[in-house]
Amino acid sequence: MKAIFKWGGAALLCAGGAGYWYFSGDEVAAQTRFNTAAAEQGDFVSKVQATGTLEPQELVDVGAQVTGEIKEFGLDVDGRPVDYGSEVKAGQLLARIDDTIVELDIKRAEAQVSQAQAQILSSEASVAQAKASISQATANKNKADRDLARAKNLGVGDALSQMTYDQYVNAAEIASANLESATAQLQTAEAQQASALAQLQSAEAQLESELRNRDYTRISTPVDGTIVVRQVNVGQTVVSSMNATTLFLVARDLTKMQIWASVNEADIAKVKPGQAVQYTVDALPNESFTGTVNKIRPNATMSSNVVTYIVEVDIENPERKLLPYMSANVNFIVKEVKDTLLVPDAAFDFRPAPAQIDESARGMHRGPREEGAPRPSIVWRKVSDTTVAPVRVIKGDSDGTRSMVTLLDGETLKAGDELVTGISAVMPKAGPGGAQGGLFGMNGPKRRQRGTGGAEAKPGQVDKGGFRP
């Protein structure tokens, strides 16, 4: 029993010495430090962020309606062959397509017009001849009718034989038949004349179509603008189909452009026509530009289960520094408040330990709330390096970094006050001999290296006293 107490006392003595040795040093504990951010008095802007592409406000598609080879390009306002970025005026020639086949078609159509005109002249002569025949047949019929009438008055007898009377009847019948024949010839001639007139109209329409095709071989711009895209080269064959082939894209006015921004469905309700917009482009990172929402396209797109809407934003580009199809970082201004109290959002997440609350402020953060009043939030103002005090506020809108706040009655918070956002541990500095703070920030003992002496040393081996940290 005495041996047990003897060895137990020795163990306690050794443990106490080891503990003192382990925890001794220049700094015996790790320190804590409050992370803080200052309250601010300033302007608050709530915004919806999106990305988009700059587009010409009006883009004109200039195409070809005939098939043929591109023979040459026209000249721009500076007298140079049209190309990307060329400035052009309405009606100005952009390109000319080979019109050899079209010219042959025009000559063929002109010949058909001449042939139809000749047929009309021939039909007019036939009509005139038929009308003359009708007049002569009418006169003959009238004479025969009068002769027959006199014969009927005389009657067959001594003065008029039966043979003579029959001759008068026969003459009247022949004259009537000749009149009907002449009338039929006139109708035939008039029908031929109408057919010739229709052929002339068809030939003239064909000629007009061929002349229009010749005009189509001259590709011109319908508006003043800038050539954004040129899709053909000299010598390339253009093949016309159901849809006109696009040769050039002309932006009507690059001083007025649009941004087509993709807005997430969660934010689209915050975007309205007429809303102010701020945006930047990667090409000019140090400049900010403004615009106005024009409209929200109702057709949505889905990608990776994310629904987005296209919002058109009208922008001004008077210096033409912005180019079509640049990427834009867009901020839709949802709310803007001047000169308001702002608190960092991280301050609302901090919860102090009871011992860190300043004695003069303990229990104050549990103040009563009036019925129907909004639930207050609490932020913690730094009082000293180790204590904080609560400030009750009504949290407003957030811009993602800061929130507007309204102080409850009796609370005090001003710009520049430090609000605690978190706690960080500061490890102690190295103690004498260069050893770093050990567990809990305290210096630990040096450990003897194994295999250099002691119980494991071989006979005759000298302990070098080596240590490892």
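A residue is taken as buried when its relative accessible area is under 20%, and this cut-off is applied throughout the account of the predicted model that follows.

In strand 3, which comprises residues 59-64, the side chains alternate along the chain: Val60, Val62 and Ala64 point to one face and are buried, whereas Leu59, Asp61 and Gly63 point to the other face and are not buried. In a regular strand, side chains alternate in this way between the two faces of the sheet. Strand 3 pairs in the antiparallel sense with strand 10 (residues 245-251) over 6 bridges, and in this pairing Val60, one of the buried residues of strand 3, has Val250 of strand 10 as its bridge partner.

A further open sheet consists of 4 strands in the order 7-6-4-9, with antiparallel pairing. Its edges are formed by strand 7 (218-220) and strand 9 (237-238), each of which pairs on one side only. Strand 6 (residues 93-97) runs antiparallel to strand 7 and is joined to that strand by 3 bridges, with Arg96 standing opposite Arg218 of strand 7.

The loop between strand 6 and helix 2 holds Asp99, a residue that is buried yet has no salt bridge. For such a bridge, a side-chain nitrogen of Lys or Arg would have to lie within 4 Å of a carboxyl oxygen of Asp or Glu, and the nearest side chain of opposite charge to Asp99, that of Arg96, is 4.2 Å away. When neighbours within four places in sequence are left aside, Asp99 is in contact with Arg214 and Thr217.

Helix 3 spans residues 162-216, and its 55 residues should extend over 81 Å at 1.5 Å a residue; the C-alpha atoms at its ends are 81 Å apart, so the expected and computed spans agree. The buried residues of helix 3 include Tyr165, Leu179, Leu186, Leu200, Leu207 and Glu210, together with several alanines, among them Ala172, Ala189 and Ala203. The buried residues of this helix pack against helix 2 (100-154).

Strand 14 (residues 306-316) takes part in two antiparallel pairings, one with strand 11 (residues 256-264) over 9 bridges and one with strand 13 (residues 284-303), likewise over 9 bridges. In the pairing with strand 11, Trp260 stands opposite Glu312 of strand 14, while in the pairing with strand 13, Ser303 stands opposite Val306 of strand 14. Strands 13 and 14 form a hairpin in which 2 residues lie between the strands, and Ser304 in the turn has a positive phi of about 55°.

Definitions and conventions:
Residues numbered from 1 in each chain as written. Predicted model: local features only at pLDDT ≥ 70, side-chain atom pairs only at ≥ 80, totals over all residues. Heavy atoms only, no water. Expected span 1.5 Å × (residues − 1). Buried < 20%, exposed > 50% of the residue type's maximum accessible area, 1.4 Å probe, protein only. Contact = heavy atoms within 4.5 Å. Pairing = 2+ DSSP bridges. Lys, Arg positive; Asp, Glu negative; His and termini not counted.
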